[in-house]
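Reader: I am in my first year of study and would like to look closely at a single part of this model. May I ask for one connected account of that part and of what surrounds it?

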Amino acid sequence: MSKQKIVHPDRDAHFVTGAYSDGIIAGDFLFISGQAAVDFKTSRFVLGTIEEETTRTLDNIKAIIEAAGATMDDVVKSTVHLKDIAEFDRFNAVYGTYFTGVRPARTTVQSVLAEGIRVEIDCIVKLA
């Protein structure tokens, strides 16, 4: 099986985030690693409210998806990790604005997250 690496278009070449790729195309699917509120131009986490971090996280995901030639409406599954499940309603209000029509299947859990971030999201995208 061949795989193609997809990189966030704003990623600083010196920004090392670990032993994983931003996204991988395998067959007709794009698998996006867990994304957070990162400014890829400055290589820094941008902490804020759950709404602010959710927006930045989904904007990062959207950029990776678009770099692969797809759209947010092509997302078929996402997994969401929240630092505090009590923020679910506020997170969900922002999340819902990123999808039209049939929304992706989703799992949402409370997790211990690194670097003080409030949300991390990974997803699977069906490519045309």
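Along strand S8 (residues 119-126), which side chains point to one face and which to the other, and which are buried?

Author: The model is a predicted one. In strand S8, which covers residues 119-126, the side chains alternate. Val119, Ile121, Cys123 and Val125 point to one face and are buried. Glu120, Asp122, Ile124 and Lys126 point to the other face and are not buried.

Strand S8 has partners. One of them is strand S3 (residues 29-35), which pairs with S8 in the antiparallel sense through five bridges. Within this pairing, Ile32 has Cys123 of S8 as its bridge partner. Cys123 is one of the buried side chains of the strand. Strand S6 (residues 75-82) also runs antiparallel to S8, and seven bridges join the two. Here Val75 is matched with Val125 in S8, and Val125 is likewise buried.

At residue 126 the description turns to charge. Side chains of opposite charge can pair when their charged atoms come close. Lys126 forms a salt bridge with Asp28, with 3.8 Å from N to O. This pair links distant parts of the chain, since Lys126 belongs to strand S8 while Asp28 lies in the loop between strand S2 (23-26) and S3, 98 residues apart. Lys126 is partly exposed, at a relative accessible area of 33%, and Asp28 is also partly exposed, at 44%.

Lys126 has a further contact: its charged end sits over the ring of Phe29, 5.6 Å from the ring centre. Phe29 is part of strand S3, the strand that pairs with S8 over five bridges. With a relative accessible area of 31%, Phe29 is partly exposed. Together with Phe31 and Val76, Phe29 makes a nonpolar surface patch of about 230 Å².

The loop before S8 holds another charged residue. Arg118 and Glu87 meet through their side chains in a salt bridge, 2.5 Å from N to O. Arg118 lies in the loop between strand S7 (105-110) and S8, and Glu87 in the loop between S6 and helix H2 (88-95), so this salt bridge ties together parts that are 31 residues apart in sequence. Arg118 is partly exposed, with a relative accessible area of 22%, whereas Glu87 is buried at 7%. Glu87 also forms a salt bridge with Arg90, where the closest N and O atoms are 3.7 Å apart. Arg90 is partly exposed, with a relative accessible area of 38%. Through Arg118 and Glu87, the account reaches a network of salt bridges with shared partners, which joins Glu51, Glu87, Arg90 and Arg118. In the whole structure, five salt bridges are found.

From Glu87 one may continue into helix H2, where aromatic rings come into view. There are four aromatic pairs by the count used here. Phe91 and Tyr95 form a tilted pair, with 5.4 Å centre to centre and 45 degrees between the planes. The two residues are separated by about one helical turn because they are four residues apart in helix H2. Phe91 is buried at 0% relative accessibility, and Tyr95 is buried at 3%. Tyr95 also forms a tilted pair with Phe99, at 4.9 Å centre to centre and 45 degrees between the planes. Phe88, Phe91, Tyr95 and Phe99 form one aromatic cluster. Finally, the charged end of Arg106 sits over the ring of Tyr95, 4.5 Å from its centre.

Note on methods. Residues are numbered from 1 along each chain as its sequence is written. This is a predicted model: local features need pLDDT of at least 70, side-chain atom pairs count only at pLDDT 80 or more; totals for chains, interfaces and linings use all residues. Side-chain values use heavy atoms; hydrogens and water are left out. Buried means under 20% relative accessible area, exposed over 50%, partly exposed in between (1.4 Å probe, protein chains only). Two strands pair if DSSP finds at least two bridges between them. Patches are made of residues with over 30% relative accessible area and no salt bridge: like charges are joined within 9 Å, nonpolar side chains (Val, Leu, Ile, Met, Phe, Trp, Tyr) within 5 Å. Accessible areas come from the Shrake-Rupley method with a 1.4 Å probe; for residues, only the protein chains shown count as cover. A salt bridge is a side-chain nitrogen of Lys or Arg within 4 Å of a carboxyl oxygen of Asp or Glu. Rings of Phe, Tyr and Trp (its six-membered ring) pair if their centres lie within 6.5 Å; planes under 30 degrees apart count as stacked, over 60 as edge-to-face and the rest as tilted. A charge sits over a ring if NZ of Lys or CZ of Arg is within 6 Å of the ring centre and within 35 degrees of the ring normal.
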